[in-house]
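Good morning, and thank you for the time on today's agenda. I would ask you to bring the sequence and the model up on your screens before I go through the packing.

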Amino acid sequence: MATCFRLRSCLALHLLRTPPSRVLRPRADYPVARIRGYARGPLGLSSALLRTDGFVGGSWLPAAATFPVHDPASGAELGLVADCGVPEARAAVRAAYEAFCSWRGVSAKERSSLLRKWYDLMIQNKDDLAKIITAESLADQAGIPPGVYNVIPCSQKKAKEVGEALCTDPLVSKISFTGSTATGKVLLHHAANSVKRVSMELGGHAPFIVFDSANVDQAVAGAMASKFRNSGQTCVCSNRFLVQRGIHDSFVKKFAEAMKTNLHVGNGFEERTTQGPLINEKAVEKVEKHVSDAISKGATVVTGGKRHQVGKNFFEPTLLSNVTRDMLCSQEETFGPVAPVIKFDTEEEAVAIANVADVGLAGYFYSQDPAQIWRVAERLEVGMVGVNEGLISSVECPFGGVKQSGLGREGSKYGIDEYLELKYVCFGGL
């Protein structure tokens with residue numbers, strides 16, 4: 001889950017560079033904190049890269065309380081992170097507002113130069129970043145002025161109040177959120193009171209359709225890429241596999257073989273691993289619930305079907321056949337390594353099953369029929385369609401969904417438009 005915000009009376013919150021004479025510094029009364037980090041880090045990382053405090057106004061900001069971060073693979077505690085609350089959130093908004101209002105006229109060329117420095121630092125530290133999956137300290141090293149980039153970590157207990165503070169602060173004019181549909185609805189409610197603009201990238205329930213005309217081997221390769229990235233824990237992962245009767249048995253057989261051959265469950269630090277743990281035990285319980293519900297209603301376990309012996313947060317990559325529309329895995333996003341296969345007869349039936357969901361983020365289908373490709377691509381009620389392709393994300397493309405999958409787009413020129421206001425100026429008296 002991630003949230004960012006744009007400040008009132010400013011054109012965008014993205015990274016802009018200020019001439020040296022205009023760079024803002026923290027106010028005299030602004031808290032300048034001692035850096036708190038790990039001397040060597042739980043993964044052998046230096047404290048220069050791994051931080052545990054908040055980051056506000058260009059300074060590391062400790063909080064009165066902390067919360068633990070655990071390794072989902074082993075359950076070991078990796079460290080204690082600052083548990084920021086409403087005061088820290090409001091301080092971050094104020095710092096961003098003061099910094100950003102002096103940046104609004106900076107050219108795109110200057111901004112791109114700064115972003116490139118940040119990118120170069122990320123590439124230089126890619127091995128360490130792969131371990132900690134964070135880049136908060138790099139922004140400071142890249143020379144981004146204080147206040148432009150702020151980080152407010154908080155525990156689940158404080159998330160509600162921190163989210164409300166960010167969404168209701170009068171200095172904030174735009175909210176961008178990536179997370180669940182349920183949380184997105186709460187933030188939309190908060191934003192509505194002050195009529196803030198919002199971008200919401202919420203949950204999905206992606207259909208993956210395989211028509212009789214499809215190349216089976218290509219469809220299996222696409223299914224592997226789309227379903228099992230991050231162990232099925234992305235919002236665009238395929239969640240329902242709809243396979244036409246004539247090609248069904250061949251697809252299921254080859255899909256099962258590919259899973260057994262190419263998917264290796266284990267700790268992410270092990271070289272052979274392709275499937276890591278789920279985020280926590282609650283996520284595993286949801287996967288178990290979906291699988292047991294499907295089995296109780298007649299589904300067949302082709303492969304997998306239970307927790308993996310590696311640890312409590314691991315689940316076997318699972319393929320289910322004889323799945324029907326009344327099963328939970330057909331109705332809800334699983335967010336785990338489960339591939340349920342539903343057999344269908346006609347194109348109209350497949351499209352109807354795909355569109356019955358109240359969300360519509362991504363959709364995929366495989367076909368070699370040009371006319372069918374255009375018909376189905378237009379009829380699928382999703383924001384993004386992969387045709388004979390299982391990986392569709394790209395920074396050049398507009399990322400977003402329809403229905404309850406969200407509002408607005410990220411990436412491409414359309415993503416930039418989300419942070420711009422259109423102004424009409426009528427100049428008379430000339």
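Let me begin with two helices of this predicted model: the axes of helix H7, residues 216-228, and helix H8, residues 245-262, come within 9 Å of each other and cross at roughly 50°. H7 and H8 are therefore oblique to each other. The handedness of the crossing of H7 and H8 is right-handed. On the H7 side, the residues making this contact are Val216, Asp217, Ala219, Val220, Ala223, Met224 and Phe228. From H8 come Ile247, Ser250, Phe251, Lys254, Phe255, Ala258, Met259 and Asn262. Sorted by class, the contact of H7 with H8 has eleven nonpolar residues, two polar and two charged.

This leads to the nonpolar interior. In soluble globular proteins, nonpolar side chains tend to be buried together. Here, the largest nonpolar core has 32 residues. Which of them touch the most other members? They are Val210, Met224, Val236, Phe241, Phe251, Phe255 and Leu319. Two or more residues of this core come from each of strand S8 (206-210), H7, strand S9 (238-244), H8, strand S12 (338-344) and strand S14 (362-366). H8 gives the most, with seven residues.

Phe251 deserves a moment on screen. If we leave aside its neighbours within four places in sequence, Phe251 is in contact with Val216, Ala219, Val220 and Ala223, and also with Val210, Phe241 and Val243. Apart from this core lies another, of 27 residues, including Phe211, Ala294, Ala350 and Leu380.

I turn next to strand S8, where Ile209 has its place. Is Ile209 buried or exposed? Its relative accessible area is 0%, so Ile209 is buried. Its contacts, again without neighbours within four places in sequence, are Leu242, Phe344, Ala350, Ala354, Tyr364, Phe365, Tyr366 and Leu380. As for sequence separation, Ile209 and Ser367 are 158 residues apart along the chain, while their C-alpha atoms are 8.7 Å apart in space.

A second helix pair follows. The axes of helix H11, residues 347-355, and helix H12, residues 370-379, come within 10 Å and cross at roughly 25°. With the cut-off for roughly parallel set at angles under 35 degrees, that makes H11 roughly parallel to H12. The crossing of H11 and H12 is right-handed. Glu347, Glu348, Val351 and Asn355 of H11 meet Gln372, Arg375, Val376 and Arg379 of H12. By class, this contact of H11 with H12 has four charged residues, two polar and two nonpolar.

Now to several loop positions. The loop between H7 and S9 holds Ser231. Phi of Ser231 is near 55°, which is a positive value in a residue other than glycine. At 4% relative accessibility, Ser231 counts as buried. Asn322 is in the loop between S11 and helix H10 (328-331), and its phi is likewise positive, near 55°, in a residue other than glycine. How accessible is Asn322? Its relative accessible area is 44%, so Asn322 is partly exposed.

Asn313 occupies the loop between strand S10 (300-303) and strand S11 (318-321). At 7% relative accessibility, Asn313 counts as buried, the cut-off being under 20%. What is Asn313 in contact with, leaving aside its neighbours within four places in sequence? The partners are Pro72, Pro277, Leu278, Asn280, Glu281 and Val284.

One further loop residue is Pro170, between helix H5 (156-168) and strand S6 (172-178). With a relative accessible area of 60%, Pro170 is exposed. Pro170 and Ser194 are 24 residues apart in sequence, and 7.4 Å apart in space from C-alpha to C-alpha.

Let me close with the protein as a whole. There are 13 helices and 17 strands. Of its 430 residues, 49% are buried. Among contacts with a separation of 6 or more, 67% are between residues 24 or more positions apart. Thank you; I am glad to take questions.

Conventions:
Residues are numbered from 1 along each chain as its sequence is written. This is a predicted model: local features need pLDDT of at least 70, side-chain atom pairs count only at pLDDT 80 or more; totals for chains, interfaces and linings use all residues. Side-chain values use heavy atoms; hydrogens and water are left out. Axes are lines fitted to C-alpha atoms, for helices over the stretch in contact, and angles run from 0 to 180 degrees between N-to-C directions. Helices (H or I, at least four residues) and strands (E, at least two) are DSSP runs, numbered from the N terminus. Angles under 35 degrees count as roughly parallel, over 145 as roughly antiparallel, 65 to 115 as roughly perpendicular and the rest as oblique. A crossing is left-handed if the near helix is turned anticlockwise from the far one by less than a right angle, and right-handed if clockwise. Contact means heavy atoms within 4.5 Å. Ala, Val, Leu, Ile, Met, Phe, Trp, Tyr, Cys and Pro count as nonpolar, Asp, Glu, Lys and Arg as charged, and the others, Gly among them, as polar. A nonpolar core is a set of buried Ala, Val, Leu, Ile, Met, Phe, Trp, Tyr and Cys residues joined through side-chain atoms within 4.5 Å. Buried means under 20% relative accessible area, exposed over 50%, partly exposed in between (1.4 Å probe, protein chains only).
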